[in-house]
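Dear colleague,

I am handing over the structure below, with its sequence, and would be glad if you could keep it open while you read. My notes on what was found in it follow.

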Amino acid sequence: VAVLDGVDRAGWHRADGHASAKVMVRHVGRLSSAEAARRMRDAKALRDLPDVAAAYRAGRVGSCQVDRIGRLHANPRVSPKVAAQDPRLVKAATQLSFREFDLKVSEWERLVDADGTRDRNQAHHDQRDATMVQDYDGRWRFSGSCGSLSGAELYEIFKAFVEAETLTDWEK
């Protein structure tokens, strides 16, 4: 994480033609894309959290806790408020089991990000899509995604049509 942060801050990845420090470290370190992304996310969090960074460097806070803090910090709706929790995060990370720490961080995030579920639903609605494809044998396949309210409405409509078709089949 520290190496990636140093590469990113210094811009050393540009000299080798890499698009970002994350890409360079992924390539040179033979990391998976997910691992490189995790390290970059954690490095960005540690920049804003000097107490957590110092405890991590000293080995008082583990990688799992830093990863959880990194995910918390990456939430754009709570990120501005995370820095104020720096000393509390260190205290919790050093005193609680990971499970307890994760639950405590998740609860704090839920309370601070009260609109998070609404925002996620709006994002699902904004990214809604639907496709219908006819197979070679003439049958149709369809798939789609939408927000929760639209999904509930579509489900009720679909359920009514399925029930009507079932009753028609039973009558025949």
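**Helix H6 and its surroundings**

In H6 the buried residues (under 20% relative accessible area with a 1.4 Å probe and protein chains only, where exposed is over 50% and partly exposed lies in between) are Gln65, Val66, Asp67, Arg68, Ile69, Gly70, Leu72 and His73. Please bear in mind that this is a predicted model, in which local features need pLDDT of at least 70 and side-chain atom pairs count only at pLDDT 80 or more, while totals for chains, interfaces and linings use all residues. Residues are numbered from 1 along each chain as its sequence is written, and side-chain values use heavy atoms, with hydrogens and water left out.

Helices (H or I, at least four residues) and strands (E, at least two) are DSSP runs numbered from the N terminus. H6 has twelve residues and reaches 16 Å from its first C-alpha to its last, close to the 16 Å expected at 1.5 Å a residue, the expected span being 1.5 Å times one less than the number of residues. Its buried residues pack against H4, H5, helix H7 (79–82), H8 and H9, whereas the buried residues of H8, namely Asp86, Leu89, Val90, Ala92 and Ala93, pack against H5, H6, H7 and H9.

**The nonpolar core**

The largest nonpolar core (buried Ala, Val, Leu, Ile, Met, Phe, Trp, Tyr and Cys residues joined through side-chain atoms within 4.5 Å) has 18 residues, of which Leu49, Val52, Ile69, Leu72, Val82, Leu89 and Phe101 touch the most other members. Helix H4 (33–48), helix H5 (50–57), helix H6 (63–74), H8 and H9 each give two or more residues to this core, and its largest share, four residues, comes from H8. Leaving aside neighbours within four places in sequence, leucine 89 is in contact (heavy atoms within 4.5 Å) with Leu49, Val52, Ile69, Leu72, Val82, Phe101 and Val105.

**The second largest pocket**

A pocket is an open set of points on a 1 Å grid over the protein atoms alone, where a 1.4 Å probe fits, with protein on both sides within 12 Å along at least five of seven lines, and its lining residues have an atom within 4 Å of a point. The second largest pocket holds about 260 Å³ of space, a volume being the space filled by probe spheres set on the points, which are joined across faces, edges and corners. Of its 13 lining residues, Gln85, Arg88, Leu89, Ala92 and Lys104 are the closest to its centre, and helix H8 (86–95) and helix H9 (98–112) are the elements that give two or more residues to the lining.

With best wishes
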